[in-house]
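Trainee: Could you take me closely through a single part of this model, and then set that part in the context of the rest of the chain? I would like the contacts and the burial spelled out with care.

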Amino acid sequence: MTNYRRDLTPGSTWFFTLNLSDRSASLLTDHIDLLRASFRAVMRRHPWRIDAIVILPEHLHALCTLPPGDTDYALRWRLIKGGFSRALPCAEPLSSSRKRKGERGIWQRRFWEHRIRDDEDLARHVDYIHHNPRKHGHVERVADWRWSSFHRYVKEGILPLDWAGDGEEMERGAGEA
């Protein structure tokens, strides 16, 4: 088994990307209530703060902060992915490798993580998360994507409703807008 080196700085803030195995699927938005229920169940047992998040049809990005002294983001993602997968009917094709391991074929096995280094890095990743549905052509305006923490940022007065409305903010570079 491959042993991945992961940064395990306790209590840090992390940017994550998780993908479905079938990048043409729309399971995450089609079954958003199941995904939310999986998040809630895991967060009750293993709390962490979700600073920003966007759910797209076949992938998600999240910016999360672990409690002081905690390093186990992998456990949280494993439980979230597993809870969501178990709630779905088994309809996906399974490779022989996944069958042997008793795995579903819904998610890519791994995820990508990046530890946030400073305030500029944080701002750049928050902007990336909120702009992602527009980047992928799902909406013209960031505000039109339902499954994004962008709406919380607007409600809390952190961002205006028309943020990135013309795309110039992202062309200038995240964090400069």
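Mentor: Let us start from R146, which is found in the loop between helix 5 and helix 6, bearing in mind throughout that this is a predicted model. With a relative accessibility of 61%, R146 counts as exposed, because that value lies over the 50% cut-off. Its C-alpha atom is separated by 9.7 Å from that of P133, a residue 13 places away along the chain.

From that exposed position we can turn to the sheet, beginning with strand 3, where H61 lies. H61 has a relative accessible area of 4% and is therefore buried, the limit being 20%. Two polar contacts involve its side chain: one, of 2.9 Å, is made with the side chain of T17, and another, of 3.2 Å, with the side chain of H59. When residues up to four places away in sequence are set aside, H61 touches F15, F16 and T17, then A52, I53 and V54, and finally Y128, I129 and N132. The residues F15, F16 and T17 belong to strand 1 (13-19), A52, I53 and V54 fall within strand 2 (49-55), and Y128, I129 and N132 sit in helix 5 (119-135).

T65 has its place in strand 3 as well, and with a relative accessible area of 11% it too is buried, since this is under 20%. The side chain of T65 is joined by a polar contact of 2.6 Å to the side chain of D51. Apart from its neighbours within four places in sequence, T65 is in contact with G11, S12 and T13, and also with W48, R49 and D51.

The pairing of the strands gives these contacts their setting. Strand 1 and strand 3 pair in the antiparallel sense over seven bridges, and within that pairing the partner of W14 in strand 3 is C64. Strand 1 also pairs with strand 4 (residues 112-115), again in the antiparallel sense, over four bridges, and here the bridge partner of W14 is R115. Strand 2 runs antiparallel to strand 3 and is joined to it by six bridges, one of which links I53 to A62; the two strands are connected through a hairpin of three residues.

Burial follows the strands closely. Seven of the seven residues of strand 1 are buried: T13, F15, T17 and N19 point one way, W14, F16 and L18 point the other way, and the residues on both sides are buried. In strand 2, six of the seven residues are buried, and the strand is accordingly described as mostly covered.

Several of these elements meet in the largest nonpolar core, which has 44 residues, and the members that touch the most other members are F16, L35, W48, I55, L60, W77 and W107. At least two residues of this core come from each of strand 1, helix 2 (32-45), strand 2, strand 3 (59-65), helix 3 (73-87), helix 5 and helix 6 (150-155). Strand 2 supplies the largest share, with five residues.

What of the cysteines? C64, the partner of W14 in strand 3, has a relative accessibility of 0% and so counts as buried, whereas C90 is exposed, because its relative accessible area of 55% is over 50%. A search of the whole structure finds zero disulfides.

Stepping back to the whole chain, the protein has seven helices and four strands, which follow one another along the sequence in the pattern β-α-α-β-β-α-α-β-α-α-α. Of its 177 residues, 45% count as buried. Among the contacts between residues at least 6 apart in sequence, 68% join residues that are at least 24 apart. The accessible surface comes to about 10,000 Å², and 50% of this belongs to carbon and sulfur atoms. Set against that background, the two places we have looked at stand apart in burial: H61 in strand 3 is buried at 4%, while R146 in its loop is exposed at 61%.

Methods:
Residues numbered from 1 in each chain as written. Predicted model: local features only at pLDDT ≥ 70, side-chain atom pairs only at ≥ 80, totals over all residues. Heavy atoms only, no water. Disulfide = S-S within 2.5 Å. Buried < 20%, exposed > 50% of the residue type's maximum accessible area, 1.4 Å probe, protein only. Core = buried A, V, L, I, M, F, W, Y, C linked by side-chain atoms within 4.5 Å. Polar contact = N/O pair within 3.5 Å; in protein donor to acceptor, adjacent residues only side chain to side chain. Contact = heavy atoms within 4.5 Å. Pairing = 2+ DSSP bridges. Areas by Shrake-Rupley, 256 points an atom, 1.4 Å probe, with all protein chains shown as cover.
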